[in-house]
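Q: Hi! Could you walk me through this one? I'd like to go through strands, packing and empty space.

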Amino acid sequence: MTIDYAKRATKTPETETDAARQVVTEMLAAIEARGEEAVRDYARSLDRWTGEIVVTPEEIARRTKDIPERVKADIAFAAGQVRRFAEAQRDSVQDFSVELVPGLVTGQKLVPCNVAGCYVPTGRYAHIASAYMSVATAKAAGVPTVVACSTPFRGEGIHPYVLYAMQVAGADVIMTLGGVQAIAAMAFGLFTGKPADIIVGPGNKFVAEAKRMLFGRVGIDVFAGPSEVGIIADETADPALVASDLVGQAEHGHESPAWLFTTSRALADDVIARMPALIDALPPTARDAAAAAWRDYGEVVVCGSREEIVAVSDRYASEHLEVHAADLDWWLAQLSNYGSLFLGEETTVAFGDKTSGPNHILPTKYAARYSAGLSVHKFLRPLTWQRMDREACKTIAQATARISRLEGMEAHARTADHRLAKYFPGHGLDLGEAVTA
């Protein structure tokens, strides 16, 4: 493979996880042992929050009453986009039944989780979109109880816009909690008495680690970390747009990788040259994050062919993957590892992050090789069922008895034997050789 690094990252998504793991381990143990008291202590020490944890309807109304109508309309529009896409996903899967052999009817019944916990980060930025991405999708799946948590913003409770987005999306319970303590509270059912069946939503490395450590006790959406962007570009791409989109995602945080995969060395050099000025032109918070992210995690990979780009891109498995190249249908057919795909320069990750409809809660740290982003399907369980008449039982029981005995499982086989003896006395069927050892 003829690839060359025009810029190589000095860090990887895995280099910053060990310290987080130790912190989260201690916090989860303390919260499990001391419950709500420990959560309140962490809220006080980490977020300087001493107010009520569960936000009342009256408080929601008070804190959202002065939101401008244009802001409300924009949030409602974006939440509606996400809800409609999620509803279309829900309609794409159905309950069904099928008769596999005469008299044996089997089926699938789609049942939503009972309680979903949705985490909405608010730190460097107020992540309004994360509220409706998670909550609206859960409600579209039919989840009866959705608990939403977000960090207090500048000491004044949940950011009003985030709070409004949670409400519009349909959250049933809203709690003023951030970080590990929010994830633990939802998992353990603290303050609500309703432990979450699944916890979803983006967050920093501590939130991601808390979700990872609680996985199994609760379901989670994806194994996630800092936001990532990969951009595929050929000689037809506009380097100004490519550079802008790399910076657009690098502002997420100091540890957010931004990768460019290209067949054009000239474009690679042009994009690299544009990055410092674009970063310097950002306001201070975004400039600080984007500069560190591009310095430490930015990579530019020059490949000899578009087939090599596919191989490299699939290995990176970018959370967000843009394609600025000719023959978009070819790329759509060939690429397989990504969280969400953005085809053509007319679309960009920011559209997917905020408004266009498909979910922005996506796998990072190479997890797109085996998992997908948040969808209505994450909240649905395709539960199977079966029913058979006695003739079907006769067919299935014989094979079951013989296979069970081949495996050495005599008790399994006898559950078939006993039914055949009841329904077809004196049947004389071949049920295999009994296990004696």
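Q: In which sense do strand S1 and S11 pair, and over how many bridges?
A: Strand S1 (residues 3–7) pairs with S11 in the antiparallel sense, over 4 bridges. Pairing here means that DSSP finds at least two bridges between two strands. Helices (H or I, at least four residues) and strands (E, at least two) are DSSP runs, numbered from the N terminus. This is a predicted model, where local features need pLDDT of at least 70 and side-chain atom pairs count only at pLDDT 80 or more, while totals for chains, interfaces and linings use all residues. Residues are numbered from 1 along each chain as its sequence is written, and side-chain values use heavy atoms, with hydrogens and water left out.

Q: Which residue in S11 stands opposite Asp 4?
A: Asp 4 stands opposite Val 302. Val 302 is also the bridge partner of Thr 262. Strand S10 (residues 258–262) pairs with S11 in the parallel sense, again over 4 bridges.

Q: How many residues of S11 are buried?
A: In S11 (residues 299–303), 5 of 5 residues are buried. Buried means under 20% relative accessible area, with exposed over 50% and partly exposed in between (1.4 Å probe, protein chains only).

Q: Which way do they point from S11?
A: Glu 299, Val 301 and Cys 303 point one way, and Val 300 and Val 302 the other way. In a regular strand the side chains alternate between the two faces of the sheet.

Q: Switching to helices, which residues of H6 are buried?
A: In H6 (residues 160–169) those are Val 162, Leu 163, Tyr 164, Ala 165, Met 166 and Ala 169. Their cover includes helix H3 (57–64), helix H4 (69–91), helix H5 (128–141) and strand S4 (115–120). After H6 comes Gly 170, with a positive phi near 110°.

Q: Which residues have the most contacts inside the largest nonpolar core?
A: Tyr 132, Val 135, Val 143, Ile 158, Met 166, Ile 174 and Phe 379 do, in a core of 40 residues. The largest share of this core, 9 residues, comes from H5. A nonpolar core is a set of buried Ala, Val, Leu, Ile, Met, Phe, Trp, Tyr and Cys residues joined through side-chain atoms within 4.5 Å.

Q: And what does Tyr 132 touch?
A: Leaving out residues up to four places away in sequence, Tyr 132 touches Ile 75, Ala 78, Ala 79, Val 82, Thr 137, Ala 165, Ala 169 and Lys 354. Contact means heavy atoms within 4.5 Å.

Q: OK, empty space. How much of it lies in the largest pocket?
A: About 1000 Å³. On a 1 Å grid over the protein atoms alone, a pocket is an open set with protein on both sides within 12 Å along at least five of seven lines, a cavity is a set of points where a 1.4 Å probe fits but cannot get out, and lining residues have an atom within 4 Å of a point. Grid points are joined across faces, edges and corners, and a volume is the space filled by probe spheres set on the points.

Q: Which lining residues lie nearest the centre of the largest pocket?
A: Pro 121, His 127, Gly 203, Asn 204 and Lys 205, out of 44 that line the largest pocket.

Q: How many cavities of 30 Å³ or more are there?
A: The structure holds 2. The second largest cavity has a volume of about 40 Å³, and H4 gives the most to its lining, with 4 residues.
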